[in-house]
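Here is a structure to look at together. The questions below ask how each label was earned.

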Amino acid sequence: MGTPRETRGILPARTIARYCEEGLIRLARPADADQIQPASLDLRLGAWAYRVRASFLPGPRATVEARVKELSLHRMPLGDGAVLETGCVYIVPLQESLKLPKGVAAAANPKSSTGRLDIFTRVITDHAQEFDKVPEGYEGPLYAEISPRTFPILVREGSRLSQIRFRQGASLATDDLIRELHAREGLISSGEVNIDNGLALSVDLSTLGEDGPVGFRAKRHAGLVDVDRKAALAVLDYWEPIWQRGSLVLDPDQFYILASKEAVRVPPAHAAEMVPFNPLVGEFRVHYAGFFDPGFGHSSGHGEGARAVLEVRSHEVPFILEDGQIIGRLVYEPLTEAPERVYGQGIGSNYQRQGLKLSKHFRAFDPAQR
């Protein structure tokens, strides 16, 4: 028979908190005060990081622990902090483990700040055949695979690089739902509405900001980033502002921060996700899919739309990206019930009214520094 439609959807914060209380989400330590977000749970790094020879999936007959024993080069304690170097692959047991009830599955993603630092982060379960997917009824530990791509990073036990979202029943995300929501709520603030396997977002390379840059290109061989320190770093030590308007040549193996032309709204009783973009339309990819919590950019969340920040990387050849080119798509899903709080309502949300915005680790950029 399946799960009844009226009980299907993304679980809100109150249900996630109840799962923690009931042991369906098992915590090695008490939850941090801000760990439960409106429709997701931040995941905390455990006590050890294992550097491994290569990325892997354990497959249906192996655990992550067994594969780590085969592939580990060395392990590092994270209690006092440890540096994870670019180009290396690390596996870290997480402080959260799961005992999901029947009918409930989960999906993980890098946190917004993680993606904006170009930290390739994925969650792995025992017997997994896919990254970032937790099957219905899964019981067992969770692990983070971490591979910094641009900046070396300082992490410690308890650092939060990933988040997990729980879904009860099959997904209710459809284009019809997006059309209905847009007619009622106005999911994007302006521009042509293109709905085809998600709501299209285009890149802004011309109008974003009156005098500011249209994007940032990461500098190679920059300094260390402490993932737990906010507003500690000078932008120009790590990023090159992009002032050219109209088009941008993406250089292979370079990392860019750009923004959508459209301001996005997520209604309070829904959540959204940016899905991986079809590579057949261009030699680039939006590097990280991302979660958008209920109320992101919405009036009830004290915002009238917020730009989607895009972490972009070219493939093997240079590619010219044009202003207004479609670069990503959003899918929307309902929550199982209305949330008690939404993004931006006094919960320390970093990106509610964002335009082009780097991660929270950097101080505000002054365009006069040009």
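Q: Which exposed residues does the face of H4 turned away from its buried side carry, and what makes them exposed?
A: That face carries Asp-176 and Ala-183. They are called exposed because exposed means over 50% relative accessible area, while buried means under 20% and partly exposed is in between (1.4 Å probe, protein chains only). This is a predicted model, where local features need pLDDT of at least 70, side-chain atom pairs count only at pLDDT 80 or more, and totals for chains, interfaces and linings use all residues. Residues are numbered from 1 along each chain as its sequence is written, and side-chain values use heavy atoms, with hydrogens and water left out.

Q: Which residues of helix H4 are buried, and why are they said to be on the same side?
A: The buried ones are Asp-175, Leu-177, Ile-178 and Leu-181, in a helix spanning residues 175-185. They cover an arc of only 150° around the axis, so they sit on the same side of H4. The arc is taken from the directions from the helix axis to the C-beta atoms. Helices (H or I, at least four residues) and strands (E, at least two) are DSSP runs, numbered from the N terminus.

Q: What covers the buried residues of H4?
A: The cover includes strands E15 (199-202), E21 (270-275) and E26 (326-334).

Q: Why is Arg-165 called buried?
A: Its relative accessible area is 6%, so Arg-165 falls on the buried side of the cut-off. This residue is found in strand E14 (residues 160-168).

Q: What makes the reach of the Arg-165 side chain to Ala-272 a polar contact?
A: The side chain gets to the backbone oxygen of Ala-272 at 3.1 Å. A polar contact is a pair of N or O atoms within 3.5 Å; within protein, one must be able to donate a hydrogen and the other to accept it, and residues adjacent in sequence count only if both atoms are side-chain atoms. At 3.1 Å, the pair therefore meets the distance limit. The backbone oxygen of Phe-292 is reached too, at 3.4 Å.

Q: How do you know that Cys-20 and Cys-88 are buried?
A: Cys-20 has a relative accessible area of 18% and Cys-88 has 11% relative accessibility, so both count as buried.

Q: How many disulfides does the structure hold?
A: Zero. A disulfide is a pair of cysteine sulfur atoms within 2.5 Å, and the structure holds none.

How values were computed: Contact = heavy atoms within 4.5 Å.
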